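Let's take a friendly walk through a protein model, one part at a time. Keep the structure open beside you as you read.

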Amino acid sequence: MWHSELFYSMFEETKSRNAVLQKELTEPLKDYLGFRHVFRHSYGYELDWLRLNPLFSGMADVWQKVKETWKNFFLLCDILHLHQSRII
């Protein structure tokens with residue numbers, strides 16, 4: 001599915017950009033992707049709240065790491081843009 005491909009591509013470096021997310025976030029975010037699938041397809045009656053509790057309790061930490069990773073990614077993009085503009 002396209003959203004899974006997009007998800008995994010964010011952890012990979014390409015010729016034109018660095019990885020958008022750190023590899024250490026793959027597993028925690030994969031759990032949220034699984035929740036998205038269940039919730040999106042309306043299997044609400046199948047939600048196991050005991051299993052979901054760690055997702056909800058760890059959400060703030062994971063989100064903080066995502067924000068820090070994005071901050072670093074965009075900072076690097078700005079640095080590269082400034083560097084390229086000096087070359088031209």
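## Two salt bridges

In this predicted model, Lys30 and Glu27 form a salt bridge, and their closest N and O atoms are 3.2 Å apart. Both residues belong to helix 2, and because they are 3 residues apart there, about one helical turn separates them. How open to the surroundings are the two partners? Lys30 counts as partly exposed, since its relative accessibility is 31%. Glu27 has a relative accessibility of 46%, so Glu27 counts as partly exposed too.

How many salt bridges does the structure hold? There are 2, and you can look for the other between the side chains of Glu12 and Lys23, where the N to O distance is 2.9 Å. Glu12 and Lys23 each lie in the loop between helix 1 and helix 2, so this pair ties together parts that are 11 residues apart in sequence. Glu12, with 40% relative accessibility, counts as partly exposed. Lys23 reaches 53% and therefore counts as exposed, the cut-off for that word being over 50%.

## The chain as a whole

Now step back to the full chain. Its secondary structure consists of 3 helices and 0 strands, so reading from the N terminus you meet the pattern α-α-α. Helix 1 covers residues 2–9 and helix 2 covers 26–40, while helix 3 takes in residues 49–87.

The chain has 88 residues, and buried ones make up 20% of them. Its accessible surface comes to about 7300 Å², with 61% of that belonging to carbon and sulfur atoms. Contacts also link parts of the chain that are far apart in sequence: among those between residues at least 6 apart, 47% join residues at least 24 apart.

## Leu21 and Thr69

Is Leu21 buried or exposed? Leu21 is buried, because its relative accessible area is 9% and the word applies under 20%. You will find Leu21 in the loop between helix 1 and helix 2. Setting aside neighbours within four places in sequence, Leu21 is in contact with Met10, Phe11, Leu29, Val66, Thr69 and Trp70. One of these partners, Met10, is 11 residues away in sequence, yet the C-alpha atoms of Leu21 and Met10 are 5.7 Å apart in space.

Thr69, another of those partners, lies in helix 3. Thr69 is buried as well, with a relative accessible area of 6%. Again leaving out neighbours within four places in sequence, the contacts of Thr69 are Val20, Leu21, Gln22 and Leu25.

## The largest pocket

Leu21 appears once more when we turn to the largest pocket, which has a volume of about 380 Å³. Its lining has 16 residues, and the closest to the centre are Phe7, Leu21, Leu29, Tyr32 and Trp70. Helix 1, helix 2 and helix 3 are the elements that give two or more residues to this lining. Which helix gives the most? Helix 3 does, with 5 residues.

## A nonpolar patch on the surface

Let's finish on the outside. Trp49, Phe56 and Met59 form a nonpolar patch on the surface, and together they have about 330 Å² of accessible area.

Phe56 is a good residue to pick out here. It is found in helix 3, and with a relative accessible area of 37%, Phe56 is partly exposed.

Conventions
Residues numbered from 1 in each chain as written. Predicted model: local features only at pLDDT ≥ 70, side-chain atom pairs only at ≥ 80, totals over all residues. Heavy atoms only, no water. Patch = residues over 30% accessible without salt bridge, like charges linked within 9 Å, V, L, I, M, F, W, Y side chains within 5 Å. Areas by Shrake-Rupley, 256 points an atom, 1.4 Å probe, with all protein chains shown as cover. Salt bridge = Lys/Arg side-chain N within 4 Å of Asp/Glu carboxyl O. Helix = DSSP H or I, 4+ residues; strand = E, 2+ residues; numbered from the N terminus. Buried < 20%, exposed > 50% of the residue type's maximum accessible area, 1.4 Å probe, protein only. Contact = heavy atoms within 4.5 Å. 1 Å grid on protein atoms, 1.4 Å probe; cavity = no way out; pocket = protein on both sides within 12 Å on 5 of 7 lines; lining within 4 Å. Points joined across faces, edges and corners; volume = space filled by probe spheres on them.
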